[in-house]
Amino acid sequence: MRPAPTILHLDMDAFFAAAEQAAKPSLRGKPVVVGGIGARGVVSTASYEARVFGVRSAMPTAQARRLCPNAAYLSPRFTLYRHVSEVVMELLHALSPLVEPLSLDEAFVDLEAGGVPAETAAVRAVGERLRCDIRSATGLTGSVGLAGAKMLAKIASEAAKPDGLVVIEPGTERELLGPMTVRTLPGVGPATAETLRRAGIHTVAETAEAGEAELVRLLGKAHGAGLYAMALGQDDRPVVAERDAKSISVEDTFEVDLTDRTRVRSEVLRLADRCVQRLRAAGRSGRTVVIKVRNYDFSTLTRSETLRGPTDDPAVIREAAVRLLEMVDTTGGVRLLGVGVSGLADFTQEDLFAQLATEREAAETATAAAAEQAAGGTEQAGAEEERPRRWHPGLDVVHDEYGAGWVQGSGVGRVTVRFETPWSAPGRVRTFAVEDPALRPGEPLPLVGGAPAGDQSSEPAILPKFLSREAGDTGSEVGEEISSR
């Protein structure tokens, strides 16, 4: 334990939802829910306006819609969130070389390693300046906790929400923690809390009073001893600048159970490719391939295969994932699939045999596809091109005439767009055919600094880069306005 509160914990306030509100003037001050928008979607983040109605993270979106039907339900835009996170992390690194990111919106900082005097007044000033810098650079707010230990700093930032700062003075830990529920302590989940409840232990103070021996008897030596130390406010974990990932994985939940074996296989291949992209972005390779299958009845199976050496070769990982899938019965229906790689390393050992097999398979597939196209496959390809594009709520778009905006909703062959930017007044709403050639996906605009003060035009000061229109896209005439606000 440190004699001064020199460990800082930053937690951005309702990060994803707050970023969407900052980007969309019409949603400011209104309930916003970000996450999966399908029937099986899960809430990632809810704005404070939505939390008033009981909406919480990890809640099924269907339940959230029942609690707060008038909220804006948006798909995540991770490109924007990562950009804002990078700006925030740069501000943290300016304070100290020891920054331990926990997620896109949360991190510990060792202020002592950054040369900040070990005095309450000095660290409080740093925390207040950080909050101002974050608001200035991103337009968003963050809550700051300062304490002599990581556990206490995190508890302090939670108490500071939203948009506040709390300092826990060394020596006041037990007084502060005592009345809190035992779930406040790290590592106490529902199962541990239930075990303690049956023993008559509900608060942190009661946990400390139970004694180390009793907690060891209830929870085992390692967990019991660690919990006792934390109940006393003792946490000597250092701030670690580099956190080594143990695995990299991706998964998808499907709106309708997959029963077609060919479709299941194609989804596994797609997930394997996404997993490799993340693997390479992290500069890593992996030795063990894992697939996860959740069936229609919520039973979950995992299968793994350890390769001869670490690899980031998509062909090798795809082949291993397909071999693992053959070991799983999916005839009853699949609601979730996942592909992951563990046993991470910083080097690769190519599997030449797998590569050759994949090349042969690819050549055979290409030959078969060419034959099919010659026999009339061109018509099928044309049908694929004519499928309507999907416009997810919250998606950035650009229109040739109206400029930048975002999708409010779509259905029955129409898409509704609100044309506004982070620096404009709430914009006008127009509707278009889903295949309108003048409408195309865009990229997120910066949350701050986009236009001069007083410029309330819905047209962006600087047009964003946008994805090129796909060849073969056709659409209707220019969209018609359906309402304005």
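Is Cys-132 buried or exposed? Before I answer, please keep in mind that what we are looking at is a predicted model. In that model Cys-132 has a relative accessibility of 51%, and because the cut-off for exposed is over 50%, Cys-132 counts as exposed. Cys-275 is the opposite case, since its relative accessibility is 0% and Cys-275 therefore counts as buried. While we are on cysteines, let me add that a search through the whole structure turns up zero disulfides.

Let me turn to confidence. The chain has a mean pLDDT of 84, and 83% of its residues reach 70 or more. There are stretches that call for caution, however: across residues 350–356 the pLDDT is below 50, and this stretch makes 10 contacts in the model beyond near neighbours in sequence. Residues 452–485 also have a pLDDT below 50, and for that stretch the model shows 77 contacts beyond near neighbours in sequence.

The last topic is the second largest pocket, whose volume is about 470 Å³. Its lining comprises 18 residues, of which Asp-11, Glu-106, Lys-154, Glu-158 and Lys-161 are the closest to the centre of the pocket. If we ask which elements contribute, at least two lining residues each come from the strands β1 (7–12) and β3 (43–46), and likewise from the helices α1 (15–23), α2 (48–51) and α6 (150–160). Sorted by character, the lining of this pocket holds seven charged residues, six nonpolar ones and five polar ones.

Note on methods:
Residues numbered from 1 in each chain as written. Predicted model: local features only at pLDDT ≥ 70, side-chain atom pairs only at ≥ 80, totals over all residues. Heavy atoms only, no water. Disulfide = S-S within 2.5 Å. Buried < 20%, exposed > 50% of the residue type's maximum accessible area, 1.4 Å probe, protein only. pLDDT = per-residue confidence, 0-100. Contact = heavy atoms within 4.5 Å. 1 Å grid on protein atoms, 1.4 Å probe; cavity = no way out; pocket = protein on both sides within 12 Å on 5 of 7 lines; lining within 4 Å. Points joined across faces, edges and corners; volume = space filled by probe spheres on them. Helix = DSSP H or I, 4+ residues; strand = E, 2+ residues; numbered from the N terminus. Nonpolar A, V, L, I, M, F, W, Y, C, P; charged D, E, K, R; others polar.
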